[in-house]
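User: Could you take a close look at one part of this model with me? I'd like to follow a single residue outward into its surroundings.
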Amino acid sequence: MRLKVCGVTGEDQLRLLAGAPVDLVGLWYGVPGGPADLQLAELAHLAAVARAVGGPEPVLVTLLSDPAALCAAVAASGVSRVQLHGYTTPAQLRAVRAALPEAELLKVLHVRQGRVVESALLEAYQRAGADVFLFDSVGEDGRIGSTGIPLDASAVEAVLPRIDRPFLLAGGVSVAGARAHRAARQHPRFLGIDLDSGARTPDGAFHPGLIREIRAAWQPAPPGLAAALSCARLPVVMELKARSAHGQDLFRGRSATRLVAEYTRAGAPALSVVTGEWFGGSAALLEEVAGATELPILVKDFFTKERQLATARAAGAAAVLLTASVLPRTVLPRLITAALALGLTPFVEITEEAELAAVVHPQACVIAVNNKDIRQREQGRADLTRSLRLLPAVTATGTPVPVSASGIETPQQAAALLAAGYRGLLIGTGLLGSVDLDSWSATLARESELAR
Ligand SMILES: O=P(O)(O)OC[C@@H](O)[C@@H](O)c1c[nH]c2ccccc12
């Protein structure tokens, strides 16, 4: 995520921001009457200082849309990013694009009274050569730029399906505001945020501590389970399960935090936490794991109600287990849809091909074949051939990462399932019981290299 701080007027501010987590600084030029407006010479001087201190890169923020004036400002300052903050028309933007072919052009989209003022022109701006969009709120009185007014999330979300450029969000950006913009923050084209008043103490001074807090709050969540598995060298969801179905203690005195550290060192792309009581799990276990990792977390419990999914999400889940064999046929589709609406990946476990019929939106789900039988509380023996048998049917649903779960004990078994075409594995007991996790995962890496 990129963070831009707008309205810098002095060298001392640039030096202060060089030590803060800031990527871009906005220098105002051609903003008549604006509190941070600079003369051309000041703009050029501050841009030079910004380059010299090696901190955030400058952006020329302007209400101008005249190509000649903008060319002169770019030439004098050497700033190659231009934020067109006014009501520039697509034709004007096209002329600026032609005059400054190398510049990065950020077009501001104004949000006023619940809608994007330029909504009808989005495609035209894209065709005219806008590189980035920046949503900003307009004051009641029509004032634009650094209004401090919180940006309307639904107005932004309404137009996101139509834009194919990266975008920044601005307008009263604060720690508290991050929540309302969750959907936009998770959008693949979300580029970052732009702050002005939110970055300052009441006396107007920039405050690195505040900026750091806002950055942390707005940082998009880590990638979902499917993405994490697809990019992983070892696509193994490593599970924290306190007890086996037979009541055997699997943590053996190790804390959850310590296990998280061991799994992370072994290269886990994602973790699974069993919160179900049968397996000695609890909400406290999830809380401890969520506090100790940034990796996506799959929560394994017997979810039957939408409310439970929301609770899991709030506790830090990225994915939730939905067990096809124990959920009535009408309930599974409802829970899948509810999970997706909450931004959770449904991790749907099946044991028979027929159960796939109730899996809606398979492209957005991770579908796992459970090698044990959960209806017998996992007491029976594992049958890894079930995974091999069901793989073609699972793949045919269009799920991006078919997973084989349960009963995988050795790295050799794991490598064989990956070689057969599984894109992910879920392993608990085999890892928790191994004496040396690092060598377990090193063996798997070696075996799957050989199989390739
Ligand atoms: O420990 P194993 O055999 O590697 O299995 C892990 C996981 O699949 C298993 O814990 C599990 C599968 N389905 C569940 C449902 C609830 C709780 C736990 C589970």
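Leaving aside its neighbours within four places in sequence, which residues is Val-289 in contact with?

Analyst: Happy to! A word on the basis: this is a predicted model, in which local features need pLDDT of at least 70, side-chain atom pairs count only at pLDDT 80 or more, and totals for chains, interfaces and linings use all residues. Residues are numbered from 1 along each chain as its sequence is written, and side-chain values use heavy atoms, with hydrogens and water left out.

Beyond its neighbours within four places in sequence, Val-289 touches Leu-240, Ala-256, Val-260, Leu-271, Val-273 and Ile-297, where contact means heavy atoms within 4.5 Å. Val-289 itself sits in helix α11 (residues 283-292); helices (H or I, at least four residues) and strands (E, at least two) are DSSP runs, numbered from the N terminus. With a relative accessible area of 0%, Val-289 is buried. Here, buried means under 20% relative accessible area, exposed over 50%, and partly exposed in between, with a 1.4 Å probe and protein chains only. The C-alpha atom of Val-289 is also 6.3 Å from that of Thr-257, although 32 residues separate the two along the chain.

Several of those contacts lead into the strands, so let's start with β11. Strand β11 (residues 236-240) has five of its five residues buried, so the rest of the structure largely encloses it. In a regular strand, side chains alternate between the two faces of the sheet. In β11, Val-236, Met-238 and Leu-240 point one way while Val-237 and Glu-239 point the other, and all are buried.

Next, the partners of β11. Strands count as paired if DSSP finds at least two bridges between them. Strand β11 runs parallel to β12 (residues 270-274), with four bridges joining them, and Leu-240 has Val-273 as its bridge partner there. Three bridges join β11 to β18 (residues 424-427), again in parallel, and Val-236 is partnered by Leu-425 in that strand. From β12 the pairing goes on to β13: four bridges join the two, which run parallel, and Leu-271 stands opposite Ile-297. Strand β13 (residues 297-300) is covered on both faces, with Ile-297 and Val-299 buried on one side and Leu-298 and Lys-300 buried on the other. That places two bridge pairs among the contacts of Val-289: Leu-240 with Val-273, and Leu-271 with Ile-297.

Following β11 also brings us to the ligand. Glu-239, on the face of β11 shared with Val-237, is among those that come nearest of the 19 residues around the ligand, along with Lys-241, Ser-406, Gly-428 and Thr-429; a residue belongs to that shell if one of its heavy atoms lies within 4 Å. By class, the shell holds eight nonpolar, five polar and six charged residues. Ala, Val, Leu, Ile, Met, Phe, Trp, Tyr, Cys and Pro count as nonpolar, Asp, Glu, Lys and Arg as charged, and the others, Gly among them, as polar.

As for distances, an N or O atom in the side chain of Glu-239 is 2.5 Å from an oxygen atom of the ligand. For Lys-241, the corresponding side-chain distance to a ligand oxygen is 2.7 Å. A polar side-chain atom of Thr-429 lies 2.5 Å from an oxygen atom of the ligand. The protein covers 99% of the 440 Å² of accessible area that the ligand has on its own, with areas from the Shrake-Rupley method and a 1.4 Å probe.

Note on methods: Polar contact = N/O pair within 3.5 Å; in protein donor to acceptor, adjacent residues only side chain to side chain.
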